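Hi everyone, thanks for coming. I'd like to walk you through a structure that is new to most of us, so have a look at it first and then we'll go through it piece by piece.

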Amino acid sequence: MQAAALEGGFQDVPVEAAFAFRQIMTAMARPGTIRAVDGAVPPAPMSVAAGAVVLTLCDPDTPLFLSPTLDTPEVRSWITFYTGAPFAAAKDAAFALGAWDDLSLDAFSVGTPEYPDRSTTLIVAVDHLANEGATLQGPGIKDSATLSLPEVQAFQRNAALFPLGLDFIFTCQHRLAALPRTTRVS
């Protein structure tokens, strides 16, 4: 294992993991809300926010798919050391990590009618994250919200699958936002 894999995790694990978890859950409960996280220093090309999400949500029972640009020995070693999460094919992943253009949405599980919770949550690295662009409506949103999404139609198709569908966490540097499958996008 490389020495870099031993660096960059939370320094004060209980406090930083609890804070990151709260930020992630707040973002998921209030789609369009942008939250800041820190504490993780993952290897490039992962962002601080993506690293914090992985450290907080992944463990030995959550298979993780890495997109080709993030599937490096350094990233794999870091994730293995800090989370023990097994790496999986897209169809078997509980979480997927990558840039929007590197993630083929059709490859991931949207759950089943009996178990809609067995879908994949995509941790999507984006270059821009702001409260502008697409209009969001649905649970957790008073009237409407806006979020800079990579596109609109994919999220409209995803929402139409409800109660099945994918959930999304967008990461950019040290910030994140979430888009659950219940959110309507226009």
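Let me begin with a word I'll lean on: contact means heavy atoms within 4.5 Å. Helices (H or I, at least four residues) and strands (E, at least two) are DSSP runs, numbered from the N terminus. And buried means under 20% relative accessible area, exposed over 50%, partly exposed in between, with a 1.4 Å probe and protein chains only.

Please keep in mind that this is a predicted model, where local features need pLDDT of at least 70, side-chain atom pairs count only at pLDDT 80 or more, and totals for chains, interfaces and linings use all residues. Residues are numbered from 1 along each chain as its sequence is written, and side-chain values use heavy atoms, with hydrogens and water left out.

Let's start with helix 2. How many of the ten residues of helix 2 are buried? Nine of them are, so to speak, under cover: Ala49, Ala50, Gly51, Ala52, Val53, Val54, Leu55, Thr56 and Leu57. And what covers them? The cover of these buried residues includes helix 1, helix 3 (73-83), strand 3, strand 4, strand 7 and strand 8. Helix 2 itself is residues 48-57, and it lies across strand 3, strand 4, strand 7 (167-172) and strand 8 (175-179). With strand 7 it makes an angle of about 135°; here axes are lines fitted to C-alpha atoms, for helices over the stretch in contact, and angles run from 0 to 180 degrees between N-to-C directions.

Now look at the loop that leads from strand 1 to helix 2. Alanine 40 is found in this loop, and so is serine 47. Alanine 40 is buried, with a relative accessible area of 2%. Setting aside neighbours within four places in sequence, alanine 40 is in contact with Gly8, Phe10, Val48, Gly51, Ala52 and Leu55. Serine 47 counts as buried too, at 16% relative accessibility. Not counting residues up to four places away in sequence, serine 47 touches Pro42, Thr171 and Gln173.

On to helix 1, residues 13-29. At 1.5 Å a residue, its 17 residues should span 24 Å, and the end C-alpha atoms are 24 Å apart, which agrees; the expected span is 1.5 Å times one less than the number of residues. Which residues of helix 1 are buried? They are Glu16, Ala20, Gln23, Ile24, Thr26 and Ala27. Seen down the axis of helix 1, these buried residues fall within an arc of 165°, so they line one face of the helix. That arc is taken from the directions from the helix axis to the C-beta atoms. On the other side of helix 1, Pro14, Val15 and Arg22 are exposed. The buried residues of helix 1 are covered by elements including strand 1, helix 2, strand 7 and strand 8.

Next, the sheets. Strands of a sheet pair through backbone hydrogen bonds, either parallel or antiparallel. Two strands pair if DSSP finds at least two bridges between them. One open sheet has six strands in the order 1-8-7-4-3-2, with mixed pairing. Its edge strands are strand 1 (35-36) and strand 2 (64-66), each pairing on one side only. Within this sheet's order, strand 3 (residues 95-99) and strand 4 (residues 121-125) pair in the parallel sense over five bridges, and leucine 97 has isoleucine 123 of strand 4 as its bridge partner.

There is also an open sheet of three strands, in the order 6-5-9, with antiparallel pairing. Strand 6 and strand 9 stand at the edges with a single partner strand each, so one side of each is left without a neighbour in the sheet. Strand 5 (residues 134-137) pairs with strand 6 (residues 145-147) over three bridges, and with strand 9 (residues 184-185) over two. Leucine 136 stands opposite alanine 145 in strand 6 and opposite valine 185 in strand 9. Strand 5 has a covered face, Ala134 and Leu136, and an uncovered one, Thr135 and Gln137.

Last, the cysteines. How many disulfides are there? Counting pairs of cysteine sulfur atoms within 2.5 Å, the answer is zero. The sulfur of cysteine 172 is 20 Å from the closest cysteine sulfur, in cysteine 58, too far for a bond. Cysteine 58 is buried, with a relative accessible area of 5%, and cysteine 172 counts as buried at 5% as well.
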